[in-house]
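Work through the exercises below with the sequence and the coordinates at hand, and try each task before reading the solution that follows it.

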Amino acid sequence: MKELLKQNISSHISISEDERDLFCDLFEHKLIKKKSFLLAAGEICKFEGFVVKGLFRVYHLDKNGFENVLYFAMENWWITDIDSFTNEKPSQLYIEALEDSEVQLISKKDKEFAYTNLPKIEKLFRIMTQKTHVALQRRMIDNLSKTADQRYLDFIEKYPQLLQRLTNLQIAAYLGISHEFLSKIRKKIVNAS
């Protein structure tokens, strides 16, 4: 069950098998049914998670009730509300399973134990945090400088495996546009082909 997690760790850092196994033993396996929440706004996020199977969306509801998707997380991706997890404050985010899913979860206490007793794990999370910052920075720049058409084309090029697993509404919420506008973009692309 933890094989994918072990592969993910080894793809980021060099670590002995014993250290990796010790770290992986700190995770709890959890099954999440489609349309169920791993986290709801107002709760304190008590985990960092690794997606073994399935698909999640991490989103925020604005004051008008519109959904803004921060990111999707599928197999071999990490998932959390880093603000709530780190600062132990109520989350502003929802983490919802879009498919029947399986995750490996680590608590803050167990993560701190790993930092103290397995120094390479701190390097692992530093590397992953840097990659996350780069991705968020690029996304912010794209949202400020690219048209919705360009952002959609970038999305389907970057995440072709997600295209078949998401609804147009979910993709539109990620791109920050209406479902109707996304339909117009898709028609325009089809007609240009």
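**Exercise 1: Helix α8 and its surroundings**

Just after helix α8, G176 takes a positive phi of about 75°. The model is a predicted one, in which local features need pLDDT of at least 70 and side-chain atom pairs count only at pLDDT 80 or more, while totals for chains, interfaces and linings use all residues. Residues are numbered from 1 along each chain as its sequence is written, and side-chain values use heavy atoms, with hydrogens and water left out.

Task: determine which residues of α8 are buried, and what they pack against.

Solution. Begin with the terms: helices (H or I, at least four residues) and strands (E, at least two) are DSSP runs numbered from the N terminus, and buried means under 20% relative accessible area, exposed over 50% and partly exposed in between, with a 1.4 Å probe and protein chains only. By this criterion the buried residues are Q170, I171, A172, A173, Y174 and L175; six of the eight residues of α8 are thus buried, so the helix is largely enclosed by the rest of the structure. Next, list the neighbours, taking contact as heavy atoms within 4.5 Å: the buried residues of α8 pack against β4, β5, α5 (119-145), α6, α7 (160-163) and α9. As a single case, Q170 has a relative accessible area of 12%, and, leaving aside residues up to four places away in sequence, Q170 touches R57, V69, F72, L98 and R165.

**Exercise 2: Two helix packings**

Task: describe how α8 packs with α9, and how α6 crosses α8.

Solution. Axes are lines fitted to C-alpha atoms, for helices over the stretch in contact, and angles run from 0 to 180 degrees between N-to-C directions. For α8 (residues 168-175) and α9 (residues 179-192), the angle is about 100° and the axes are 9 Å apart. The two helices are therefore roughly perpendicular, given that angles of 65 to 115 degrees count as such, those under 35 as roughly parallel, those over 145 as roughly antiparallel and the rest as oblique. In this packing, N168, L169, I171, A172 and L175 of α8 meet H179, L182 and R186 of α9, a set made up of five nonpolar, two polar and one charged.

For α6 (residues 148-158) and α8, the axes come within 10 Å and cross at roughly 115°. Here R151, Y152 and F155 of α6 meet I171, Y174 and L175 of α8, and the contact residues divide into five nonpolar, no polar and one charged. In both counts, Ala, Val, Leu, Ile, Met, Phe, Trp, Tyr, Cys and Pro are nonpolar, Asp, Glu, Lys and Arg are charged, and the others, Gly among them, are polar.

**Exercise 3: The open sheet**

Task: establish the order of the four strands in the open sheet, and which of them stand at the edges.

Solution. Two strands pair if DSSP finds at least two bridges between them. The order is β1-β8-β3-β6, with antiparallel pairing; β1 (28-32) and β6 (78-79) stand at the edges, each with a single partner strand, so one side of each is left without a neighbour in the sheet. Turning to β8, five bridges join β1 to β8, and β3 (residues 48-53) also pairs with β8 (residues 101-106) over five bridges. E102 in β8 stands opposite L31 and opposite K53. Finally, both faces of β8 are covered, since S101, V103 and L105 on one side and E102, Q104 and I106 on the other are all buried.
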